[in-house]
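Subject: Handover of a structure

Dear colleague,

Please find below the structure that I am handing over to you. My findings follow directly after it.

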Amino acid sequence: MNSLENALATLSSWVWGPPLLILLLGTGLYFTINLGMLQLRGLPLSFKLMFQKSGSAGDVSRFSALCTALAATIGTGNIVGVATAVKLGGPGALFWMWLAGLLGMATKYAECMLAVKYRRTDDRGEQVGGPMYYIAHGTGLNWLAKLFALFTLLVAFFGIGTFPQVNAIVDGANIAFAIPNTLTMVALTVLVAAVVLGGIKRIATVATALVPTMAIGYVLACSALLLLNWQAVPGAFALIFESAFNPVAAGGGFAGATVMMAIQFGIARGVFSNEAGLGSAPMAAAAAKTDSPVEQGLVSMAGPMLDTLIICTLTGLALVLSGAWQGDTAGAAMTSEAFNTALSSFIGTKIITVALLFFAFTTILGWCYYGERAVLFLVGERGRFPYRVVFVALVAVGGLLQLELIWLLADVVNGLMAVPNLIALLLLRKEILADTRAYLAARAQAASDPQPA
């Protein structure tokens, strides 16, 4: 197993090397500058549009489409991923997660806007879209579209979609409630099968019910922790900013980290958390009931802010101010230790476990849908049922793998998935800018026109 881990670690370092980091941040920076910081000035409009009803073509509401995307992004990355980033890259990794989240908002806007613009209606009458469609129909590069779909399938099977989520659920249930791993795996498999066999509408229904509740609950729990330890918050922020640009020496159970490690693990885990640039959220956005690609892009743009800039930040602050990042624990156990130290062993462990159960479960559902979209693009309707069977089977065995192997494998396939999508966004950059500017100009003109008496 060590040889496999070493091979994956080498491959992960290569995939997440300077070229991909530059491509990810550069794409987000390009759209941030050329869209005039749309992720900030357009945020009020984003929340306004989020709850507007639309009678346009689509399968689910705008808010449900966002919740489906958030179901896939608000997962173990917010708890285990942040802990892994800080453990390997030091507190400074959080700064680079913030940067990835801020720039990722612009990237998320661009990809979700294109998803609605190039979506199609399938044989079932469902709206389908995503990078494979805007790559194929926007750039004409069919081979690149198929490559993206293949990488998406790998991420659904071996990356974000199954193993990290299942492992977190199984470990958390065992640590907090002493539930046998086998029992948890069986129950989880049955629940996943019951939901995913219902398709996007059932997944969206479950996501719309669970995502707001679980996110608000976790934010309140973290806020309570920070309020109880408010004196340590300024010092935690200072350490985060200092460590982002200076190496962190080894201490306690922390092995030390270079600035490059902080950048690499911060951005990699940030992308794992909010998925900006991966091209996953556009597949959910394409199902939204809307006739405006720009408006759905604005709604989807809020995802990285809610996921990374709020939820991941709260987790990261808990890890830093509690000192848990310097301990011997890792993953979910490290975040539990932070809550145990700052609150109490009973309350802390239970909070993290319940959050993980909900976060990871909804992520599995969201990624089942994404993988299915990829299969349908590659082989058509005949691949739908076999895909669901294989996906559920992988969920059933996901708790048997080691944590280190899981995250290395996830990093590799996540990085591969991002490359075709980012290339397509840059190739289609002119129409993204033109359509956005035209929409904003028309909206400004409508607002300035005198209203009829």
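A compact globule of 453 residues would have a radius of gyration near 22 Å, and the protein, at 21 Å, agrees with that expectation. Please note that this is a predicted model. Along the principal axes, the C-alpha atoms occupy a box of roughly 65 × 50 × 45 Å. The protein contains 21 helices and 2 strands, and 59% of its 453 residues count as buried. Where contacts join residues at least 6 apart in sequence, 85% of them are between residues at least 24 apart.

One example of residues distant in sequence involves Gln-165, which belongs to helix 10 (residues 163–177). Gln-165 and Leu-356 are separated by 191 residues in sequence, yet their C-alpha atoms are 8.3 Å apart in space. Is Gln-165 buried or exposed? Its relative accessibility is 1%, and because buried means under 20%, Gln-165 counts as buried.

I also examined helix 14, which covers residues 259–274. This helix has 16 residues and spans 22 Å from its first C-alpha to its last, close to the 22 Å expected at 1.5 Å a residue. Of its 16 residues, 13 are buried, so helix 14 is largely enclosed by the rest of the structure. The residue that follows helix 14 is Glu-275, and its phi is positive, near 60°.

The second largest pocket may be of interest to you as well. Its volume is about 250 Å³, and 15 residues line it. Which of these lie nearest the centre of the pocket? They are Leu-70, Pro-212, Ala-215, Ile-216 and Leu-306. Four elements each give two or more residues to the lining, namely helix 4 (43–50), helix 5 (62–73), helix 12 (199–228) and helix 16 (293–322). Helix 12 gives the most, with 5 residues. As for the chemical character of the lining of this pocket, the classes are as follows:

- nonpolar: 15 residues
- polar: no residues
- charged: no residues

In brief, the radius of gyration of the protein agrees with that of a compact globule, helix 14 is largely enclosed by the rest of the structure, and the lining of the second largest pocket has 15 nonpolar residues with no polar and no charged ones.

With kind regards

Terms used
Residues are numbered from 1 along each chain as its sequence is written. This is a predicted model: local features need pLDDT of at least 70, side-chain atom pairs count only at pLDDT 80 or more; totals for chains, interfaces and linings use all residues. Side-chain values use heavy atoms; hydrogens and water are left out. The expected span of a helix is 1.5 Å times one less than its number of residues. Buried means under 20% relative accessible area, exposed over 50%, partly exposed in between (1.4 Å probe, protein chains only). On a 1 Å grid over the protein atoms alone, a cavity is a set of points where a 1.4 Å probe fits but cannot get out, and a pocket is an open set with protein on both sides within 12 Å along at least five of seven lines; lining residues have an atom within 4 Å of a point. Grid points are joined across faces, edges and corners, and a volume is the space filled by probe spheres set on the points. Ala, Val, Leu, Ile, Met, Phe, Trp, Tyr, Cys and Pro count as nonpolar, Asp, Glu, Lys and Arg as charged, and the others, Gly among them, as polar. The radius of gyration is taken over C-alpha atoms; the globule rule is 2.2 Å times the number of residues to the power 0.38. Contact means heavy atoms within 4.5 Å.
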